[in-house]
Amino acid sequence: VSTQSTWEKLVGGAFGQFLAEKREEIKAMLLPGQSVTGIGKKAGELWRELPEAEKAKYDECFKSKQQAYTNAMEAFKASGGIVATTKRTTAKSEKDPDAPKKPAGGGYGRFLAEKREEIRAALPEGHKITDVTKKAGEMWKALPEEKRARYDGLFREAMEEYRRAMDEYEGKGGAEEAAEPEAAAASTPKKRSSKSGAGEASPSKRGRKCGSNATGGGVALDEETLQAAQKLGFEQQLRNLAAREDVVASGKTAVELLSALEKAGGLVNPAKHALLGA
């Protein structure tokens, strides 16, 4: 039987590490009574001005801590531990229209938001909803990596601002986060101990110091593509396809996924084979 263990999962990448280090310094720069989101905005400005060599140091720090987390998790699982994931309560934010809106879509989502009206104006009158995302997908694929990096950075900044805004909205700051792993370790194993006898770990969904890819583990699904999928009756198939690791690794966009599903009649595996050329 393995021992119970808790640890924080890293989030925020190199920017998250930079923000953790500079948070107090930035707070001192803000005006009294300024919103918590001002920290994330100022940090984003400072990050954009930072030389690449300096950014690389924070990136190395993040990678080092991420590897340490991965090693600890693997060792825990190897000893028979069961990882209990916990989800942040979202009922309040879902019901309250004043709750902060979570950014979605990664760097591509930022790009689409910026270019949406420009693309609409360039399309013929009466165009389909999917025509906008299709054109955006083509433009995104043709965009050089250095320009994509700008949009990835904008998304990371937006996520950090969202997290700070959620802390302010919930009125608890980081206290809820800090207590979450401890509470899970104390309560969740009691339900399963009679069945498995193994300890459970509940790594925090997001940490304060540094972290992992903020864009998540699947292909970014923008709202317009999801709406188009709903009309075709392929929403679940699209979400399924977007979560496949090999599809994510291929770099295909949501529009390309939906197009493959249409051609495959909504069948996920044939669509995947068509996308990957397998």
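The following exchange introduces selected features of a predicted model.

Trainee: How many Å apart are the end C-alpha atoms of helix α3?
Mentor: Helix α3 covers residues 52–78, which is 27 residues. At 1.5 Å a residue, such a helix should span 39 Å. The computed distance between its end C-alpha atoms agrees with this expectation, as it is 38 Å.

Trainee: Which residues in α3 are buried?
Mentor: A residue counts as buried when its relative accessible area is under 20%. K55 meets this cut-off, with 16% relative accessibility. The buried residues in α3 are K55, Y58, F62, Y69, M73 and F76.

Trainee: Which residue just after α3 takes a positive phi?
Mentor: Helix α3 ends at residue 78. Just after α3, a phi of about 100° is found. The residue with this positive phi is G80.

Trainee: With which residue does E52 meet in a salt bridge, and is that residue buried or exposed?
Mentor: The partner of E52 lies three residues apart from it in helix α3, about one turn of the helix. The N to O distance in this salt bridge is 3.8 Å. E52 is exposed, with a relative accessible area of 60%, whereas its partner has 16% relative accessibility and is under the 20% cut-off. The partner is therefore K55, and it counts as buried.

Trainee: How many Å apart are the closest N and O atoms of E25 and K22?
Mentor: E25 and K22 are three residues apart in helix α1 (residues 13–29), so about one helical turn separates them. E25 is partly exposed at 46% relative accessible area, and K22 is also counted as partly exposed, at 22%. A salt bridge requires the nitrogen to be within 4 Å of the oxygen. E25 and K22 form a salt bridge, with their closest N and O atoms at a distance of 3.9 Å.

Trainee: In which helix do R120 and E117 both lie?
Mentor: The side chains of R120 and E117 meet in a salt bridge of 3.0 Å, N to O. R120 counts as partly exposed at 33% relative accessibility, while E117 counts as exposed at 52%. The two residues are three apart, about one turn of the helix, and that helix is α5 (residues 106–122).

Trainee: Which residues are linked with R23 in a network of salt bridges?
Mentor: The count of salt bridges in the model comes to 21. R23 belongs to a network of such bridges. The residues linked with R23 there are E160, R163 and R164.

Trainee: Is the crossing of α10 and α13 left-handed or right-handed?
Mentor: Helix α10 (residues 235–242) packs with helix α13 (residues 268–276) at an angle of about 50°, and their axes are 10 Å apart. That angle makes α10 oblique to α13. The contact is made by Q237, N240 and L241 of α10 together with V268, A271, K272 and L275 of α13. The crossing of the two helices is right-handed.

Trainee: How far apart in space are G12 and M159, C-alpha to C-alpha?
Mentor: G12 is found in the segment before α1. This glycine is buried, with a relative accessible area of 7%. G12 and M159 are 147 residues apart in sequence, and in space their C-alpha atoms are separated by 8.5 Å.

How values were computed: Residues are numbered from 1 along each chain as its sequence is written. This is a predicted model: local features need pLDDT of at least 70, side-chain atom pairs count only at pLDDT 80 or more; totals for chains, interfaces and linings use all residues. Side-chain values use heavy atoms; hydrogens and water are left out. Helices (H or I, at least four residues) and strands (E, at least two) are DSSP runs, numbered from the N terminus. The expected span of a helix is 1.5 Å times one less than its number of residues. Buried means under 20% relative accessible area, exposed over 50%, partly exposed in between (1.4 Å probe, protein chains only). Axes are lines fitted to C-alpha atoms, for helices over the stretch in contact, and angles run from 0 to 180 degrees between N-to-C directions. Angles under 35 degrees count as roughly parallel, over 145 as roughly antiparallel, 65 to 115 as roughly perpendicular and the rest as oblique. A crossing is left-handed if the near helix is turned anticlockwise from the far one by less than a right angle, and right-handed if clockwise. Contact means heavy atoms within 4.5 Å.
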